[in-house]
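Here is a short tour of one protein chain. Keep the model open as you read, and find each part as it is named.

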Amino acid sequence: MKISNKQKQENRSKLIAVAVDLFSEHGFHNVSMKQISKAAGMGDSTVYKYFPNKDKFLLAYHETVLFHVMELVDEAEDFGDYSLEEKLQFFVYNYLDELLENREFVAESLEILRDSPAFLMQREFPASKELKKKLTQILNEAVEKEEITELPFQGAVSHLMVDGLLGMVLYWLQDDSEEFTQTTQFVEISIGFFVTILKSGVIGKGADLVSFMFKSQMMRFMENGQGLSSLMKGMGTLVSTGGWKYGK
């Protein structure tokens, strides 16, 4: 019997929730597709129609979280009145809040995804297209409010912001401070620094080089928790010396 799109979405959401619960309790590699179908009360063949393998659950979970956070942004009545820095903080903090319930699973899932060459080298991130579109919208609003000058390479900048978001999540996963106070400081310093860079005009003709530099440091950060501080020092030098300004 043919089911409605609404039922399909409900089935998919149920499978993701069940799978994440099982992964969190037993570990990703210790859970089978059969266990997921049994816990969800669905036939094996039904589960495979939605998710051909377990890896697909990892991407689906992160995609679901990202779309929900973007909905929260759209539903925030006074979001348009926020400054660029406040908008980015709102997004990051709500994203971390959504991940908190499944923090251990998030750590394991990113570890698995990190070992995927496609994810690591090409930055294949769940819902990345919509996320970059939302970030570009936020940047455009900042330009319209004259918070920052017009950006000649918005695509590269939004890509940098996605990498930055991932870096903040990785930092948060390693943070054992009370109520994640260190993460709060890290987020505010990082976003404040990034907004300062946008206001300075550093990201201009050198956007591709800045992007390459940022990605390289983020990959190092993923490996050993370092690299981002070195990047910030380097970018600080660029800002203070006025290098790579648009039009030079």
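Which helices do the buried residues of α1 pack against? They pack against α2, α3 (44–50), α4 and α6. Keep in mind that this is a predicted model.

**The overall plan**

The chain has twelve helices and zero strands. Read along the sequence, its pattern is α-α-α-α-α-α-α-α-α-α-α-α. The chain holds 248 residues, and 47% of them count as buried. Now take the contacts in the chain with a separation of 6 or more. Residues 24 or more positions apart account for 72% of these contacts.

**Helix α1 and what follows**

Start with α1, which covers residues 5–26. This helix has 22 residues. From its first C-alpha to its last, α1 reaches 31 Å, close to the 32 Å expected at 1.5 Å a residue. Its buried residues are Asn11, Leu15, Ile16, Val18, Ala19, Val20, Leu22 and Phe23. An α-helix has 3.6 residues a turn, so residues three or four places apart point the same way. Look for that spacing in the list of buried residues in α1.

After α1 comes glycine 27. Its phi is positive, near 95°.

Next, find glutamine 35 in helix α2, which spans residues 33–40. Is glutamine 35 buried, partly exposed or exposed? Glutamine 35 counts as partly exposed because its relative accessibility is 38%, and the partly exposed range runs from 20% to 50%. Leaving out residues up to four places away in sequence, glutamine 35 touches Leu22 and Asn30. Leu22 is also one of the buried residues of α1. Valine 18, another buried residue of α1, is 17 residues from glutamine 35 along the chain. The C-alpha atoms of glutamine 35 and valine 18 are separated by 9.7 Å.

**The nonpolar core**

In soluble globular proteins, nonpolar side chains tend to be buried together. In this model, the largest nonpolar core has 63 residues. Ile36, Phe57, Leu88 and Val169 have the most contacts inside this core. Eight helices are worth finding here: α1, α2, α4, α5, α6, α8, α9 and α10 each supply at least two residues of the core. The largest share comes from α9, with ten residues.

So look at α9, residues 154–174. How many of its 21 residues are buried? The number is 18, and α9 is mostly covered. The length of α9 agrees with expectation, because its 21 residues should span 30 Å at 1.5 Å a residue and its end C-alpha atoms are 31 Å apart. Valine 169 has several contacts beyond its neighbours within four places in sequence. These partners are Tyr95, Leu96, Leu99, Val106 and Leu110.

**How α5 meets α10**

Helix α5 covers residues 84–100, and helix α10 covers residues 181–200. They pack at an angle of about 145°, with their axes 10 Å apart. The crossing of α5 and α10 is right-handed. On the α5 side, the residues that meet α10 are Leu84, Glu85, Leu88, Gln89, Val92, Tyr93 and Leu96. On the α10 side, they are Thr183, Thr184, Val187, Glu188, Ile191, Gly192, Phe194, Val195 and Leu198. By class, this contact has ten nonpolar, four polar and two charged residues. Leu88, seen in this contact, is also among the core residues with the most contacts.

**Exposed loops and a partly exposed lysine**

Two glutamates have a positive phi although neither is a glycine. The table sets them side by side.

| Residue | Loop | Phi | Relative accessibility |
|---|---|---|---|
| Glutamate 146 | between α8 and α9 | about 60° | 71% |
| Glutamate 179 | between α9 and α10 | about 55° | 69% |

Why does glutamate 146 count as exposed? Its relative accessibility is 71%, and exposed means over 50%. Glutamate 179 counts as exposed too, at 69%. Glutamate 146 and lysine 199 are 53 residues apart along the chain, with their C-alpha atoms separated by 9.6 Å.

Finish with lysine 133 in helix α8. Lysine 133 is partly exposed, with a relative accessible area of 48%. In sequence, lysine 133 and serine 158 are 25 residues apart. In space, they are 8.1 Å apart, C-alpha to C-alpha.

Methods. Residues are numbered from 1 along each chain as its sequence is written. This is a predicted model: local features need pLDDT of at least 70, side-chain atom pairs count only at pLDDT 80 or more; totals for chains, interfaces and linings use all residues. Side-chain values use heavy atoms; hydrogens and water are left out. Helices (H or I, at least four residues) and strands (E, at least two) are DSSP runs, numbered from the N terminus. Buried means under 20% relative accessible area, exposed over 50%, partly exposed in between (1.4 Å probe, protein chains only). Contact means heavy atoms within 4.5 Å. Axes are lines fitted to C-alpha atoms, for helices over the stretch in contact, and angles run from 0 to 180 degrees between N-to-C directions. A crossing is left-handed if the near helix is turned anticlockwise from the far one by less than a right angle, and right-handed if clockwise. Ala, Val, Leu, Ile, Met, Phe, Trp, Tyr, Cys and Pro count as nonpolar, Asp, Glu, Lys and Arg as charged, and the others, Gly among them, as polar. A nonpolar core is a set of buried Ala, Val, Leu, Ile, Met, Phe, Trp, Tyr and Cys residues joined through side-chain atoms within 4.5 Å. The expected span of a helix is 1.5 Å times one less than its number of residues.
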